[in-house]
Amino acid sequence: MGQRNHTWTQSFVLAGFAAPGSLWPLAFLGTLCVYVLTLAGNLFIIVLVLVDAGLSTPMYFFISVLSFLELGYVSTTVPTLLRTWLWGRAPLPAAGCFAQLYVFHSLGMTECHLLAVMALDRYLAVCRPLRYHALMSREVRLWLAGATWVAGFSVALVPASLTARLPFCFREVAHYFCDLAPLMRLACVDTGWHARVHGAVIGVATGCNFVLILGLYGGILRVVLKLPSAASRAKAFSTCSSHMTVVALFFGSAFVVYVGSPESHSKGTDSHIALVYALLTPFLNPIIYTLRNKEVKEAVKRVTVRIRTMWKEP
């Protein structure tokens with residue numbers, strides 16, 4: 001890493017991944033394909049929920065909100081990864097770096113809260129079926145969705161602002177985007193206090209939501225186990241399985257990276273784990289929520305028939 005003689009840097013350099021130059025074109029094409037498929041898959045869910053009345057339920061409303069969030073989430077980091085695959089270590093202005101840090105963590109915290117809201121939606125659907133639509137009215141859905149965004153962008157202010165105020169003696173970020181731990185390693189001062197504050201803020205936010213999700217699914221499990229038939233139990237579990245898979249991917253990788261001090265992670269580890277929640281999870285979400293979902297398949301058939309009918313009309 002190149003050392004600076006002063007404590008303010010005009011730009012940072014994203015190191016990306018250590019790979020032979022001959023593999024960069026292949027890595028670029030692979031990343032680009034996953035990125036395009038991620039955008040297409042999440043846009044597909046948003047459009048399908050908007051145009052098909054059969055999917056105008058609270059569950060699919062929140063899934064469409066999650067898909068919209070994933071579009072921003074993946075677009076915050078992947079373009080810089082594609083740029084490093086194309087041109088190697090390219091400078092990124094400090095303002096752009098800190099903006100990327102804030103937006104990325106804001107969207108991550110928003111997703112954390114949104115997953116808890118989606119668990120609440122599943123709890124009400126399974127445990128309070130008769131009052132479900134009254135409890136999850138359109139106004140409540142909009143309020144809950146808006147609250148997740150406000151909470152996410154508010155929580156992310158703390159780690160992002162503290163990191164942006166650090167004095168930096170180095171400029172090479174051992175990552176493919178600007179993240180907390182790689183940036184704190186470049187500081188001229190001891191960042192132990194900052195790491196503890198970051199861990200507390202992110203840990204409390206993610207931990208509380210994770211505990212809430214576990215509690216809600218504990219309530220769902222108790223109710224489902226009391227159902228009389230195996231078919232009804234299987235149906236109830238099937239409505240929750242997709243969400244539980246996404247929760248496991250998101251929270252598992254997030255806890256590994258953000259709970260703990262930056263020194264506890266070896267260089268390069270963060271960037272590899274980040275691929276799970278910053279690229280792989282947004283890519284898999286549309287597949288997880290649609291692949292084995294009969295309602296989505298039926299909605300696709302209905303929309304396809306409508307398009308064909310409109311196409312045949314003179």
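This report describes salt bridges, a large pocket, a surface patch and several single residues in one predicted model.

The model is predicted, with local features needing pLDDT of at least 70 and side-chain atom pairs counting only at pLDDT 80 or more, while totals for chains, interfaces and linings use all residues. Residues are numbered from 1 along each chain as its sequence is written, and side-chain values use heavy atoms, with hydrogens and water left out.

**Salt bridges**

Side chains of opposite charge can pair when their charged atoms come close. Here a salt bridge is a side-chain nitrogen of Lys or Arg within 4 Å of a carboxyl oxygen of Asp or Glu. By this rule the count comes to 3 salt bridges. The table gives each pair with the distance between its closest N and O atoms.

| Arginine | Acidic partner | Closest N and O atoms |
|---|---|---|
| Arginine 302 | Aspartate 52 | 2.6 Å |
| Arginine 89 | Glutamate 172 | 2.7 Å |
| Arginine 122 | Aspartate 121 | 3.0 Å |

Take the bridge between arginine 302 and aspartate 52. This pair links distant parts of the chain, 250 residues apart. Arginine 302 is in helix α11, and aspartate 52 is in the loop between α1 and α2. Helices and strands are DSSP runs, numbered from the N terminus: helices are H or I with at least four residues, strands are E with at least two.

How covered are these residues? Buried means under 20% relative accessible area, exposed means over 50%, and partly exposed lies in between, with a 1.4 Å probe and protein chains only. Aspartate 52 has a relative accessible area of 3%, so it is buried. Arginine 302 is partly exposed because its value is 35%.

Next comes the bridge between arginine 89 and glutamate 172. It also links distant parts of the chain, 83 residues apart. Arginine 89 sits in the loop between α2 and β2 (91-93), and glutamate 172 sits in strand β3 (residues 172-173). At 51% relative accessibility, arginine 89 counts as exposed.

In the remaining pair, aspartate 121 and arginine 122 are both buried.

**The largest pocket**

A pocket is found on a 1 Å grid over the protein atoms alone: it is an open set of points with protein on both sides within 12 Å along at least five of seven lines. A lining residue has an atom within 4 Å of a point. The largest pocket holds about 960 Å³ of space. Its volume is the space filled by probe spheres set on the points, which are joined across faces, edges and corners.

The lining of the largest pocket has 32 residues. Nearest its centre lie Met59, Lys235, Ser238, Thr239 and Asn293. Two or more lining residues come from each of α2 (58-87), α3 (94-127), α4 (132-135), α9 (230-258), α10 (269-290) and α11 (294-312). Helix α9 gives the largest share, 9 residues.

What kinds of residue line the largest pocket? They divide into 14 nonpolar, 12 polar and 6 charged. Ala, Val, Leu, Ile, Met, Phe, Trp, Tyr, Cys and Pro count as nonpolar, Asp, Glu, Lys and Arg as charged, and the others, Gly among them, as polar.

**Helix α1 and a surface patch**

Leu29, Leu32 and Val36 make a nonpolar surface patch of about 240 Å². Patch residues have over 30% relative accessible area and no salt bridge; nonpolar side chains are joined within 5 Å, and like charges within 9 Å. Accessible areas come from the Shrake-Rupley method with a 1.4 Å probe.

Leucine 32 lies in helix α1 (residues 24-51). Its relative accessibility is 30%, so leucine 32 counts as partly exposed. Leucine 26 is in helix α1 too. With a relative accessible area of 61%, leucine 26 is exposed. Its C-alpha atom is 19 Å from that of valine 276, 250 residues apart along the chain.

**Buried residues in α2 and α3**

Helix α2 holds valine 78. Valine 78 is buried because its relative accessible area is 1%. Leucine 71 is also found in helix α2. At 14% relative accessibility, leucine 71 counts as buried. The C-alpha atoms of leucine 71 and alanine 40 are 9.3 Å apart, and 31 residues separate them along the chain.

Histidine 105 belongs to helix α3. Its relative accessible area is 8%, so histidine 105 is buried. Histidine 105 and alanine 90 are 15 residues apart in sequence, yet 22 Å apart in space, C-alpha to C-alpha.

Terms used
1 Å grid on protein atoms, 1.4 Å probe; cavity = no way out; pocket = protein on both sides within 12 Å on 5 of 7 lines; lining within 4 Å.
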